[in-house]
2 protein chains.
Amino acid sequence: MLRLIHYSLDPFSRSIRLALAECGLVVELEDERPWAWRRDFLMLNPAGTLPVLAQRQGFVLAGAYAISEYLGDTHGKLNGEGPPRNLMFPGTAIERAEVRRLVDWFHVKMDQEASRYFLEERLYQRFSDFGRNTPDTDIIKAGRANLRYHLSYVSHLLEKRPWLAGDELSFADLAAAGHFSVLDYLGEVPWEEFPRAKTWYTVLKARPSFRPLLADRLPGVPPPEIYAELDF
Amino acid sequence: MLRLIHYSLDPFSRSIRLALAECGLVVELEDERPWAWRRDFLMLNPAGTLPVLAQRQGFVLAGAYAISEYLGDTHGKLNGEGPPRNLMFPGTAIERAEVRRLVDWFHVKMDQEASRYFLEERLYQRFSDFGRNTPDTDIIKAGRANLRYHLSYVSHLLEKRPWLAGDELSFADLAAAGHFSVLDYLGEVPWEEFPRAKTWYTVLKARPSFRPLLADRLPGVPPPEIYAELDF
């Protein structure tokens with residue numbers, strides 16, 4: 001049995017939960033609080049990042065980059081003929097590069113310019129023993145402005161493509177969904193202003209892989225009602 | 001002919017210059033100042049990150065992640081029998097995951113905790129029209145403390161392995177070298193305190209792929225004498 005050490009509102013953990021489900025893998029989930037920096041967890045992943053995929057008495061894969069590419073390397077879809085296709089990074093080498101450019105966009109750029117602001121200010125600071133209790137309104141304001149920029153970029157990509165990186169679902173969509181779904185849980189995504197992005201998210205949200213994420217509930221931090229609604 | 005849009009003291013650009021050379025690819029170099037945010041460059045890579053690998057009238061690959069994996073997908077070494085080996089991410093799927101964990105370590109963690117501090121404070125602020133002229137000493141001090149932590153981690157890895165991710169050179173070594181070589185140009189690496197890391201860097205520095213990096217000179221910012229010396 002594989003276990004995934006994760007945090008329910010961590011965008012990276014969510015992107016990997018989606019990827020595992022899309023690859024048909026069932027894993028045991030183990031909670032880890034990202035602000036706690038527990039010694040036992042750091043023994044497993046000295047970088048302190050989530051998620052970690054571990055096999056009992058076996059391998060330990062640390063971080064969304066290593067895990068997503070591992071799934072790409074090992075979990076293809078059989079087409080009946082030819083070699084199995086890389087499900088997470090589909091297509092030619094050039095098409096795969098486009099998937100990876102966008103994974104980088106969401107997991108590095110959007111993380112640093114938007115997701116982190118909300119997570120730090122609205123959750124981690126509040127839960128940590130050393131944190132502040134009230135969010136810094138300037139940081140939240142900056143996060144909201146940046147989030148709109150990322151939603152426009154998603155809309156721009158979807159003008160010419162059904163999925164973010166091209167004709168097929170890829171890890172780029174799942175990486176993006178990791179971030180947007182966390183911000184949606186916090187009621188921060190102005191979907192109505194970005195109808196094309198909303199349609200893309202609605203389609204993703206209806207996939208079986210998304211269901212467990214919609215059932216996540218953080219004690220003391222309820223999501224808005226529309227969070228789990230497929231028709232929102 | 002391929003062209004690489006890069007900045008000579010950008011760690012990501014350097015890791016890709018090393019990777020291209022290790023794969024036997026010759027590219028034309030085109031300078032881009034990371035602090036300039038030129039509109040033409042943003043048209044090519046809206047994320048604004050370096051480097052970008054472009055084929056005339058052909059593909060555009062943006063960012064070290066997309067480029068390094070593209071090289072892994074397309075430039076193997078023929079062993080005489082079996083499929084070509086992935087030069088940048090060698091080994092089994094689990095071994096490749098270890099390479100990627102470490103690439104992430106240097107390109108995300110070390111970048112955010114050390115490299116960026118020095119680049120921003122000692123170069124970008126100084127060259128930018130809107131920047132300060134003198135580095136913030138608190139930031140530099142924090143960068144130096146963090147850099148020592150990263151050097152200890154490198155030493156720790158090398159206790160049991162000849163290369164950072166295992167028995168073979170991989171993109172993990174080149175990613176790390178991108179960062180350390182920039183900080184070495186700025187005279188910031190206390191090599192003497194970390195003899196194991198120093199030996200690893202000496203071996204890398206002697207490879208033909210490293211030579212062009214040792215010849216880089218930034219106008220007005222000369223490197224210390226030992227920067228280009230193979231026996232330092």
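Visitor: How far apart do the C-alpha centres of domain 1 of chain A and domain 2 of chain A lie?
Guide: Keep in mind that this is a predicted model. Chain A is divided into domain 1, residues 2–86, and domain 2, residues 93–228. The C-alpha centres of these two domains of chain A are separated by 19 Å.

Visitor: Okay, and how many residues does each domain of chain A bring to the contact?
Guide: Let's take the two sides in turn. Domain 2 of chain A puts in 29 residues, and domain 1 of chain A puts in 21 residues.

Visitor: Which residues of domain 1 of chain A lose the most area to domain 2 of chain A?
Guide: Together the two domains of chain A bury about 2,200 Å², with 66% of it on carbon and sulfur atoms. On the domain 1 side, three residues make up 31% of what that side buries. They are Leu9(A), Arg14(A) and Leu18(A).

Visitor: What is the count of salt bridges between domain 1 of chain A and domain 2 of chain A?
Guide: Here's a salt bridge to look for in the chain: Arg17(A) pairs with Asp216(A), and their closest N and O atoms are 2.9 Å apart. Between domain 1 and domain 2 of chain A, the count is 4 salt bridges.

Visitor: How does helix H1 of chain A sit against helix H4 of chain A?
Guide: H1(A) covers residues 11–22 and H4(A) covers residues 93–127, and their axes come within 11 Å. Those axes cross at roughly 120°. That angle falls outside the 65 to 115 range for roughly perpendicular and is not over 145, so H1(A) is oblique to H4(A).

Notes. Residues numbered from 1 in each chain as written. Chains lettered and ligands numbered in written order. Predicted model: local features only at pLDDT ≥ 70, side-chain atom pairs only at ≥ 80, totals over all residues. Heavy atoms only, no water. Axes fitted to C-alpha atoms, helices over the stretch in contact; angles between N-to-C directions. Helix = DSSP H or I, 4+ residues; strand = E, 2+ residues; numbered from the N terminus. Parallel < 35°, antiparallel > 145°, perpendicular 65-115°, else oblique. Domains from an automatic or database assignment. Contact = heavy atoms within 4.5 Å. Buried area = accessible area lost by both parts, 1.4 Å probe. Salt bridge = Lys/Arg side-chain N within 4 Å of Asp/Glu carboxyl O.
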